Amino acid sequence: MNSLLKILKDFPAYLWSGWGAIASILLFIAFWDAGNQIYGDLVLPSPLETFKTLMSMLQDESVITEIKVTLYRASMGFGISLLFGSALGLIAGFFATASMMSRPIVTILVGMPPIAWIVLAMIWFGMGDETVIFTVVVASFPIIFVGALQGTRTLDGDLKEMADSFGLPWHMKFFDVYFPHIFSYVFPAWVSGLGMAWKIVIMAELLATSDGMGASLAVARSQLDTPTALALVVIMIGSLMFIEYIILEPIKREVELWRS
Amino acid sequence: MDKQMTEEKLHQEGGALHATNHYLYYPDEKDVPPYLAYGFRPVFLLLAPYLIISMLLWGMVWSGLISVPFMGDMLTWHVYEMLFGILTAGVMAFLTTGLPELFPGVVPFIGKRLKYVMMLWVAGRISFWTIDITGVYLTAVLNLAMLAWLIWFAKDVVLDRLQRHASLGYALVVIFMLEAWFFASQAGLALTPAMDILKIALGAHVVLILLAMRRVNMEAINELMEDKEIDDIYVARPPLTNLAVFSVIVFTVVEFFYPENSALGWLGLAAAAAILAITSDYNLKDKFLWDQPYVLYLATIFVLMSVGYGLMGWDLLNDDIYGINHFRHFITSGGYGLAYLMIMIVIGWIHTGRHLTSNIYTHLMVLLMIIATVMRGVIPFFEEYTSELYLYSSIVWTIPFMLYIKVFFPFLVAPRADGVQG
């Protein structure tokens, strides 16, 4: 509760410190504009035109529906990875044998290119939600699993002993000794898992479905509609940045504060 | 050996910026009047009235009450004087006051020699107003000589082994070259339009102000916190200033080569965000500083400059509005003017041996400056009142300097309140 209050209290200052980041993004957009002037509208539409397209797209009901479809798939896939990745990772971390066993399997999962997973999923599940959700799970599960595993593996035995010798009740032991440590590993893993999920969902949709933002991107490509394609990219990047920097980063800072 | 030790010790403490630690040696010149006892005193005594008088003169020139043709190019020369004429005074005060503090080996510049340099500045101003009679070359020589002397005075900063404040020196050298280029253009020796050179010069001035304000901020805010017993340290982080400086330089260079380009619009917005980012330094980890008047005053400088670049960028991206040179006044009348005023106020308190105090006068000075700037900057939105806004904004802009005369002139002509020399 206290940390929640602290996150809220620090939030305005955190938000204000974003001006530097906004400045560098705007410098990048100026660079983009220069690229537009060199290569022309077909290859690279101007930022202004892209943002205008974006605005008109956001007022279009059908585009909103596509975004909702994509959101559903991404959150389902990410939710499943979050639940099972964290639970299994935490348990595996408690047992040396389990963590030893799981390591090579995780390497296989991480090492296999997502595009190959999509092909397999298309054969197994056909064209539809399941293919996309499966690919998202396969891509973000190992990241979260490893983070959770590290969290329990690296628990400080001395602290546990101290907690035991002081006879701490179980809930204090959990919330004050284990939880901050584990959470500081698991949470960043969630953040990177989410980023992965959001990228994979678009790719899977582009190849395996006829709806969602990925499919819209495929349509824009076939019609050589570069402004729409770029506007879609802006939506993807914008939403990812919003979730990561506005929602997750302040929590991450608070969670990792004790480390320094 | 002993002397070297103390010098080293003081050198280290020089970074701590204590109000009493202004210099290591004070020259033993006899019979120095208080108004020549330290570099900033004569500068402020002359600058405040000059700003008021020149505004009145400009008012009369623009309305045709007096006839000064300025070689048939009044607007360009108006911009020149508001930039370079005032810059030399401001830099003079900043360097002669700041250098002995930043580099404790530097001996304060006082007395007769100070008087001669100030006379050079005054001669530069007179030659400016009589340029149609005395000719552009005399104005050029006097004004360039003044800036050259300042660079000579600041040479230790550039040659400093650690290069702690060298950026200030380099910025001054660039400004000197721009001024020479401007005069060459006005004398027909260079082909670049004088106004384009002045726009680059404005960029260079903004860079210099950002660099100088980082130092002023550090001194003023930490002094303030020490005074109010706020147990924290304020650090103006160089990367933020550097990002702002970089953005402003890119904007300035691109504006020179491609003044109407849409990429320039985005660069304007980028410069706006980068300058605003500097204010995030005021968010300390534990303490809340935003209720301190001086934090608000100093932050306003960055806000006004940011608004200027932001509106200019927005203007360039928007086909329906043409007000870029009006919006530029948020940077000049606003950011630039307020930066001068704040330097005058902060030095006026601290270096006359007083506490950094805020009162109804300092509030009014800053507030009127903001009002005048907004009146001048929003002309494109209220075109039916253009002439009224021109007139009243320049009148309102001079009032802070009148208040300055009332509050600070008694301090400037009297010895330091704490009995320290200088």
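In chain B, contacts between residues at least 6 apart in sequence are mostly long in reach: 74% join residues at least 24 apart. Two residues are in contact if their C-beta atoms, placed from the backbone, lie within 7 Å. For chain A the corresponding share is 76%.

This is a predicted model, in which local features need pLDDT of at least 70, side-chain atom pairs count only at pLDDT 80 or more, and totals for chains, interfaces and linings use all residues. Residues are numbered from 1 along each chain as its sequence is written, while chains are lettered from A and ligands numbered from 1 in the order in which they are written.

**The two chains**

| Property | Chain A | Chain B |
|---|---|---|
| Helices and strands | 11 helices, 0 strands | 15 helices, 0 strands |
| Buried residues | 32% of 260 residues | 47% of 422 residues |
| C-alpha box along principal axes | roughly 70 × 50 × 30 Å | about 65 × 55 × 40 Å |

Helices (H or I, at least four residues) and strands (E, at least two) are DSSP runs, numbered from the N terminus. A residue is buried if 20 or more other C-beta atoms, placed from the backbone, lie within 10 Å of its own.

Chain B has a radius of gyration of 21 Å, which agrees with the value near 22 Å for a compact globule of 422 residues. The radius is taken over C-alpha atoms, and the globule rule is 2.2 Å times the number of residues to the power 0.38.

**A bent helix in chain A**

Helix H9 of chain A covers residues 170–208. Its end C-alpha atoms are only 48 Å apart, short of the 57 Å that a straight helix of 39 residues would reach. The expected span is 1.5 Å times one less than the number of residues. H9(A) has a kink of about 50° at Phe179(A), shortly before Pro180(A). The bend is the angle between axes fitted to the seven residues ending at a residue and the seven starting there.

**The interface**

Chain A brings 17 residues to the contact and chain B brings 16. On the chain A side, helices H1 (2–16), H2 (19–39) and H3 (47–58) each give two or more residues. H2(A) gives the most, with 11 residues.

**Confidence**

The predictor gives the complex an ipTM of 0.85 and a pTM of 0.87. Chain B averages a pLDDT of 86, and 95% of its residues score at least 70. pLDDT is the predictor's confidence in each residue, from 0 to 100. Among the elements of chain B, H1 (residues 2–14) has the lowest mean, 42, and H11 (residues 262–277) the highest, 95. Over residues 1–19 of chain B the pLDDT is below 50. Where pLDDT is low, the predicted coordinates should not be read in detail.

Notes
A residue is buried if 20 or more other C-beta atoms lie within 10 Å of its own, exposed if 12 or fewer, and partly exposed in between; C-beta atoms are placed from the backbone.
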